[in-house]
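I set out below what I looked up in this structure, entry by entry. The topics are enclosed spaces, helices, aromatic contacts and unusual backbone angles.

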Amino acid sequence: MAQDWRSLKQKRESGSPFAKRNPPPLPGILPSTSVLIEQAGEEQGQDGKGKVKAADGAEAEDHQHHHSPSCGHPGHGPRRPSPDYEDLPQSLSIECRPNRGRGAFAFNAIPAGTTIISTKPMISVLDSKHLAQYCSFCFRSPSETNTPSRHLLQCARCKTIKYCSLECQKADWAAHKPECAALRSAGASDSDKKLPGAPVRALGRLVWLLAKEKGSFTEKQIHALQSHRADLAEKQKEELALLSMHLGAYVGSEALAAAGLQSGEGMLDLCSRFISNSFALTTPYLTPVGVSISPLVALFNHSCFPNAVVVFPSYPSATSPSPLARKHMKVVAIRKIELGEEVVTSYVDLTEPGDKRREELAERYFFECDCYLCGLEKDKDWPDPRKALWCSACKAKVKFPNEDGVIKCHDCGKREVVDQKTLVNALEEARETLQHAISIQDTSSPYLHIFAVLSATNAYVLCSLEPIQAINMLVRIVKTLTISHHFGPPCAPKLAVYQTLFPLEVANAAHARQPSSTIGLDSIQTLHTSLGLLFPYPHPVRAIAHASLIKLKIASLHPEDEASFWKDRTEVGKLMKELGQCIAEVEGVFGKGVVGSELRALMETLEEGWMRTAGGRGR
């Protein structure tokens, strides 16, 4: 475990002011639970964004906010699970607590690595920019399917939604049928500007589901989701009204009436529930590709120190007879959860410093987080790696200065005075440059795929001048923050720079057919090390970075000659050992999903090669 997390444990167990706060569960997944959604006017060329999250699912009439949990025993025995949720396990109890709304509590002890919930999202749709790259049922890209053609089949009617196979198309037809007619009416195939954004398309599917399931538990679950319509600022109310207006134009008055949404208030509440309770739909590699709605998973409250994460470790299957084959959304425990302890996930990007996280939580979710991490960040002696500087003398972490600009290293004792405003401006300028670097290259291409970008497939030959320009901009950010201002790698947005830089470097090298496979190795190594300071073992974000790192290490060992690779048995043995550790880490947070299967296949290849070449080494 990284030194930062050992120091956190010591602080908690000592007599520090935070010793009686929640025990520090592991941080949750990054942007998966706080993905940006397109605003209602996407079809008119607008690109404004709004956050979506995993909500607590509090009853609408309760109007409770999603405060951070007081982990541990609740003071009385948990109740039995609610019968309204088909996939709710016996290990969880849904309870309503004062000032919190509903939440999920452990009915018995849950070991770390346990898949607490396996469920199929009620609704899932791809972002508009991904409709041409992924199947709209199983969410695979063509390169990830087993079909020989390696291309997607287009719906012959709407000419907008695509599938990887006839089986996927048939499996999605019940949900796509009314959508297909609406897309044709909107003229989505004629122009991208007429294509409704993901929020409108997701809400459309929700409206048609409500009309079909009138009076059922499905309707009850949807209406039980928290609506923050009454809490919105004026600008947010205007955006909500715009989303509602576009939804009405998309689905039509007949569908709204069938769903019981004739009133404007009903439509506004549905839109508010969507914004407050949606999840980022991701691939098994944590690449965000769309948006999902699951009232069951939305029951979990927030903590910046969560004890569980929401992941999509596999793809839904259209052909398997097993009901579990379509339940690709999982909630996994990332530490041991005690009897009666609340199970919590994170709604925000935990690589961001506390002020940014709390600002988003207050603006989007209308509560102030008081979890262990948020309290610890107020400790004047703790240098949060998300916002820490490096000591210019000993390279130890130093707490970000106050307005007086004084920084003091607790390791070597060196005291310096810096201009705080200069540091703040440097961080903001870096954020703006990062966004520009991302915008000038095609974010719908596989360049930002942090894991599969290493696969041997011709899907990664789309490089142009834009990624090269982006790489140069990102490298300049790293140099400026490191050399001029002494920010450490885990600081935000420097960590996000490495997350973006690594796949760009590898994809660019693959396109240029550069012989060296070490390109990108420094970036992914820095990324993996930095994530280790923020996310203790095991964690899905760290596990995916580790998987990328070990694959690139294997590819960079004597790439010019296979014989030389196997002769270097000491290094191959070390890589196989690390690969085994990586498999354990990945399967500890994802189970035996897609990523774990790929790593095991790689291990089998190495073991076969090891045994095949052992004879020449006298083994």
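Which elements each supply at least two residues of the lining of the second largest cavity? I found that β6 and α3 do so. Before going further I noted that this is a predicted model, in which local features need pLDDT of at least 70 and side-chain atom pairs count only at pLDDT 80 or more, while totals for chains, interfaces and linings use all residues. Residues are numbered from 1 along each chain as its sequence is written, and side-chain values use heavy atoms, with hydrogens and water left out.

**Entry 1: the cavity**

I searched for cavities, a cavity being a set of points on a 1 Å grid over the protein atoms alone where a 1.4 Å probe fits but cannot get out. The structure holds 5 cavities of 30 Å³ or more. The second largest has a volume of about 60 Å³; grid points are joined across faces, edges and corners, and a volume is the space filled by probe spheres set on the points. Its lining residues, those with an atom within 4 Å of a point, are S124, V125, L126, L131, S136, F139, I161, E179, R201 and R205. β6 gives the largest share of this lining, with 3 residues. I took helices (H or I, at least four residues) and strands (E, at least two) as DSSP runs, numbered from the N terminus.

I then sorted the lining by type and obtained 5 nonpolar, 2 polar and 3 charged residues. Here Ala, Val, Leu, Ile, Met, Phe, Trp, Tyr, Cys and Pro count as nonpolar, Asp, Glu, Lys and Arg as charged, and the others, Gly among them, as polar.

F139, one of the lining residues, lies in the loop between β6 and β7 (153-154). Its phi is near 65 degrees, a positive value in a residue other than glycine. F139 counts as buried at 7% relative accessibility; buried means under 20% relative accessible area, exposed over 50% and partly exposed in between (1.4 Å probe, protein chains only).

**Entry 2: the pocket**

I next looked up the second largest pocket, a pocket being an open set with protein on both sides within 12 Å along at least five of seven lines. Its volume is about 1100 Å³. Of the 37 residues that line this pocket, K120, P121, M122, I123 and L209 lie nearest its centre. β6 (123-126), α2 (166-186), α3 (198-212) and α4 (217-223) each supply at least two lining residues, and α2 provides the largest share, 5 residues. By type, I recorded 18 nonpolar, 9 polar and 10 charged residues.

**Entry 3: two helices**

I checked α3, which contributes to both linings. α3 has 15 residues and reaches 21 Å from its first C-alpha to its last, close to the 21 Å expected, the expected span being 1.5 Å times one less than the number of residues. In α3, 13 of the 15 residues are buried.

Helix α14 (residues 540-556) has 17 residues and reaches 24 Å, close to the 24 Å expected. Because 15 of its 17 residues are buried, α14 is largely enclosed by the rest of the structure. Just after α14, H558 takes a positive phi of about 50 degrees.

**Entry 4: rings**

How many aromatic pairs does a search of the whole structure find? It finds 6, where rings of Phe, Tyr and Trp (its six-membered ring) pair if their centres lie within 6.5 Å, and planes under 30 degrees apart count as stacked, over 60 as edge-to-face and the rest as tilted. Y347 and Y365 form an edge-to-face pair, 5.4 Å centre to centre with 80 degrees between the planes. Y347 lies in the loop between β14 (342-345) and α8 (354-365) and Y365 in helix α8, so the pair ties together parts 18 residues apart in sequence. Both residues, Y347 and Y365, are buried.

F400 and F487 form a stacked pair, 6.4 Å centre to centre with 20 degrees between the planes.

**Entry 5: a cis bond**

The peptide bond from A492 to P493 is cis, with omega near 10 degrees. P493 lies in the loop between α11 and α12. Most peptide bonds are trans.
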